[in-house]
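Reader: I am new to this structure and would like a close look at a single part of it. Could you choose one helix and describe how it sits among its surroundings?

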Amino acid sequence: MSVYDRKTVSDFFYEKVDAILIVDAKSNIFTTVKKTGFFEKVLEDKGSYHDLVEKLWFHLKDSDKKITDDYHVFVPMVGKFAGKYADRVTLNYEDKIHLVQIAIYPLDEDKTKYMLMLDELDNSEYIRDFLTDKKVSTIQNTYLFSMYVDLIKNTTNSISVTEISDNSMNYTVSYTDWRMMIVNMIWPDDQSLFLERTDPEYLKKNLLPGRTSSFDCQMKNLEGVFIWVKLVFSRTVTKNDTDFKFVFMVQNIHEDSLKLFDTLKKYEDLASKDALTGVFNHGRIETEITNAIEAVKSKGQKVSLMMLDIDFFKKVNDRLGHSVGDRVLKHFVNLANEFIKGRDIKMGRWGGEEFICVCYGIDLEQLGDFAEELRKKISESSFEQVENLTCSIGLTQLQENDTAELAFDRVDRAMYMAKSSGRNNVKTN
């Protein structure tokens, strides 16, 4: 059996390790002592330690795509090691995945100087890990981030970012510092909610041991795209009720949220549309009038109302039946919708054969010309089993001191003025 002494072991070790680097974190410098194979292409002889940390840890897992700059605030923290540390990362170089084992040893008592040893593992090791990961990825990969929080000590640890690595990241940051750094990744409209619900005093007050709290918001992912996530806080159960230790997780719910919003939009449309004609129903067009009045008051926007009433429509129902009447109503609305297309006009069915249009950006004079063209278009059109069909139109312009009731009363009077003037004409009030 061969005899191994310190030099023999040292030489053997130096020969077998693929790359060795010496790091001075305080000065932000690394020096490469040895590099072979794949590492000859990806490691400089000297360089910025922060850049090295970014290269090893701050890219999407199994990709060479860089993480958005907002997350680089964590780079200096990832590069600090309290003791010996080992990690396994995947690097994508020239469209090939390289699985790299990293061992880190502090070289001084201040733990600002380190020796990094890097080895590339063979493909079979990567495939084994990949297949293992595939078995558990269905649930785990929906969780983008997790960490353990101790509010009393104001610490975080066991930080895991699954898009970067399957292993926990080796850095420490106070919970209060982390909270103020991460708020910049939250959608601006959601930041106040994030700060409220992650406040240490809020968590202490509202979460009993074993209980969980969550809320949904938009958050920037590692690629810099805002996605919908669920932020989850779960208070751990300990023997001491004055402990305030939590597990915090960020779950990707983007696709499910988009599907939910799409479904809600469909139900919202159903709830706000007239079932027969497809335009806004009475309640929704009434809300539109209220919104328009607010636009006049707050923005000085020009908004007018137009009310249309089909002349002698009762005779159509009485003579030809309600099924024909329904088809006539739908045809009438189709003609009006086609005519208002391209303009900021919202149309709704007020009731029976009466319709109201909220016309944005149009004053009374402009609307008078437009309404006259529409009236003429209706009178010249052909309707099923009805030789001729006309409508009476009333117009008014919204004022700053209007209410929905006042505005409707004016446009309603204008429409009745058109009726009493022989129908098939336009009147303003």
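Author: What follows looks at helix α13 and then at the chain around it. The model is a predicted one, and its protein chain holds 14 helices and 17 strands. Helix α13 covers residues 364-379, and because each of its 16 residues is taken to add 1.5 Å, with the span counted over one less than the number of residues, the helix should span 22 Å, which agrees with the 22 Å between its end C-alpha atoms. At the start of α13, the backbone nitrogen of E365 lies within 3.3 Å of a side-chain oxygen that belongs to D363. Further along, the buried residues of α13 are L367, F370, A371, L374, R375, I378 and S379. These buried residues pack against several elements that come earlier or later in the chain, namely the strands β13 (303-310), β14 (345-351), β15 (354-360), β16 (391-397) and β17 (426-428), together with the helix α12 (322-340).

Turning to the chain as a whole, 43% of its 429 residues count as buried, and among contacts between residues at least 6 apart in sequence, 57% join residues at least 24 apart. The radius of gyration of the protein chain is 35 Å, whereas a compact globule of 429 residues would have one near 22 Å. Along its principal axes, the C-alpha trace spans about 120 × 50 × 40 Å. The chain exposes about 23200 Å², of which carbon and sulfur atoms supply 50%.

Conventions:
Residues numbered from 1 in each chain as written. Predicted model: local features only at pLDDT ≥ 70, side-chain atom pairs only at ≥ 80, totals over all residues. Heavy atoms only, no water. Helix = DSSP H or I, 4+ residues; strand = E, 2+ residues; numbered from the N terminus. Buried < 20%, exposed > 50% of the residue type's maximum accessible area, 1.4 Å probe, protein only. Contact = heavy atoms within 4.5 Å. Polar contact = N/O pair within 3.5 Å; in protein donor to acceptor, adjacent residues only side chain to side chain. Rg over C-alpha atoms; globule rule 2.2 N^0.38 Å. Areas by Shrake-Rupley, 256 points an atom, 1.4 Å probe, with all protein chains shown as cover.
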